[in-house]
Amino acid sequence: MKIKKYIKIWLRYTAGTSQIAFESRTGAAIFIIGKILRFVFFLLFIVVIFSKTKTVAGYSLWQMIFFFLTFNLVDTLPQFLLRDVYRFRGQIINGYFDHTLLKPVSPLFKSLFGGSDIFDFFIMIFLIVMLIIGVEHLGGVSSLNIFLYILLIINAFIIALSFHIFVLCLGILTTEVDNAIMLYRDLTQMGRFPVDIYREPLKSIITFVIPIGIMMTIPAKVMLGVFNIQIIIVSFGIGILIFMLSVLLWRYSLTKYSSASS
């Protein structure tokens, strides 16, 4: 019942933000087209690179494209669902978060899912279609690979969700959100290509310390059949650990929150 309740609340929040987003339909169309063009241009950049060489870090053209598609999926999904994090600083400063705490809804849920970006929904559909095309070009992909890929994408979202919770905690403790979320976005850009292209110790750092590799490279490797069970177990373990730490920090942050009235 709680899940159904929160799905309805999320749909209500998203409907409200979508009405605002489509106040200018021309602007909305230009924004969506611009995002797709940005994606296509970078895809062409990869094709141009492979016009001069057969492989990069041992990966073929369609394998590298699949890495790029996976990066975009993992990058876009949190932007679609967790857009309210970008508005959180204003809610802390103007006192709206006090109002959130008084509502019979989890303040963490409201701060994370308080209105998804409908524009990114269309980008998500586009990416899923491209991923299906990519899988067809890879060839030899088993049902197990697809199943593990989906699980690892969910794990990647949990890690991204945890980072966004850390940003919310920072917002409560310091009122700083914008720079922190932009730092997260900048770091994730290192996952556009497989982390194999980086040298040690950077490769290990962005795989396990800043788990960009776990979020974006390992799911694609699983789809390609290049994986071992140990790294999958470690990936899920890191995802669960980071999420638990983020929730503990959120609870601690709430005890340090000073309302706007104080």
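A residue is called buried when its relative accessible area is under 20%, exposed when that value is over 50%, and partly exposed in between. With this yardstick in hand, the salt bridges of the structure, which is a predicted model, make a convenient place to start. Lys-203 has a relative accessible area of 27% and is therefore partly exposed. Its partner in a salt bridge is Asp-196, with N and O atoms 3.7 Å apart. Asp-196, at 21%, is likewise partly exposed.

The structure holds 7 salt bridges in total. Another of them pairs Asp-75 with Arg-185, where the closest N and O atoms are 3.9 Å apart. This pair links distant parts of the chain, since Asp-75 sits in helix α3 (residues 61-81) and Arg-185 in helix α9 (residues 178-188), 110 residues apart. Here both partners are buried. For Arg-185 the relative accessible area is 17%, so the residue falls in the buried class. The surroundings of Arg-185 can be followed a little further. Beyond its neighbours in sequence, Arg-185 touches Asp-75, Gln-79 and Tyr-86. With Tyr-86, the side chain of Arg-185 also makes a polar contact of 3.3 Å.

A further salt bridge joins Arg-83 to Asp-120, with 3.3 Å between the closest N and O atoms. Because Arg-83 lies in the loop between α3 and α4 (88-94) while Asp-120 belongs to helix α7 (residues 118-138), the pair ties together parts of the chain that are 37 residues apart in sequence. Arg-83 has a relative accessibility of 17% and so counts as buried. Asp-120 is buried too, with a value of 0%. The two residues do not stand alone, for Lys-35 is linked with Arg-83 and Asp-120 in a network of salt bridges.

Attention turns next to the nonpolar interior. The largest nonpolar core has 75 residues, and those with the most contacts inside it are Leu-81, Leu-82, Leu-112, Phe-113, Met-215 and Trp-250. Helix α8 (residues 143-174) gives the most to this core, contributing 14 residues. Leu-81 offers a close view of the packing: leaving aside residues up to four places away in sequence, Leu-81 touches Trp-10, Leu-112, Phe-113, Ser-116 and Phe-157. Two of these neighbours, Leu-112 and Phe-113, are themselves listed among the residues with the most contacts inside the core.

A polar residue, Ser-246, is found in helix α12 (residues 229-255). With a relative accessible area of 0%, Ser-246 is classed as buried. The side chain of Ser-246 reaches the backbone oxygen of Phe-243 at 2.6 Å. Apart from residues up to four places away in sequence, Ser-246 touches Ser-162, Ile-165, Phe-166 and Cys-169.

Ile-212 lies in helix α11 (residues 212-224). Its relative accessibility is 3%, so Ile-212 counts as buried. Residues up to four places away in sequence aside, the contacts of Ile-212 are Leu-187, Thr-188, Met-190, Gly-191, Ile-206, Thr-207 and Thr-217. Ile-172, by contrast, is 25 Å from Ile-212, C-alpha to C-alpha, with their positions 40 residues apart in sequence.

On the surface, Phe-22, Phe-121, Phe-122, Ile-125, Val-129 and Ile-133 make a nonpolar patch of about 470 Å². One of these residues, Ile-133, is found in helix α7. At 32% relative accessibility, Ile-133 counts as partly exposed.

Two backbone details deserve a look. Most residues other than glycine have a negative phi, and most peptide bonds are trans. Against that background, the peptide bond from Glu-200 to Pro-201 is cis, with omega near 5 degrees. Pro-201 is placed in the loop between α9 and α10 (202-209). The second detail concerns Thr-175, a residue other than glycine whose phi is positive, near 65 degrees. Thr-175 is located in the loop between α8 and α9. The relative accessibility of Thr-175 is 33%, so this residue counts as partly exposed.

Conventions. Residues numbered from 1 in each chain as written. Predicted model: local features only at pLDDT ≥ 70, side-chain atom pairs only at ≥ 80, totals over all residues. Heavy atoms only, no water. Salt bridge = Lys/Arg side-chain N within 4 Å of Asp/Glu carboxyl O. Helix = DSSP H or I, 4+ residues; strand = E, 2+ residues; numbered from the N terminus. Buried < 20%, exposed > 50% of the residue type's maximum accessible area, 1.4 Å probe, protein only. Core = buried A, V, L, I, M, F, W, Y, C linked by side-chain atoms within 4.5 Å. Contact = heavy atoms within 4.5 Å. Polar contact = N/O pair within 3.5 Å; in protein donor to acceptor, adjacent residues only side chain to side chain. Patch = residues over 30% accessible without salt bridge, like charges linked within 9 Å, V, L, I, M, F, W, Y side chains within 5 Å. Areas by Shrake-Rupley, 256 points an atom, 1.4 Å probe, with all protein chains shown as cover.
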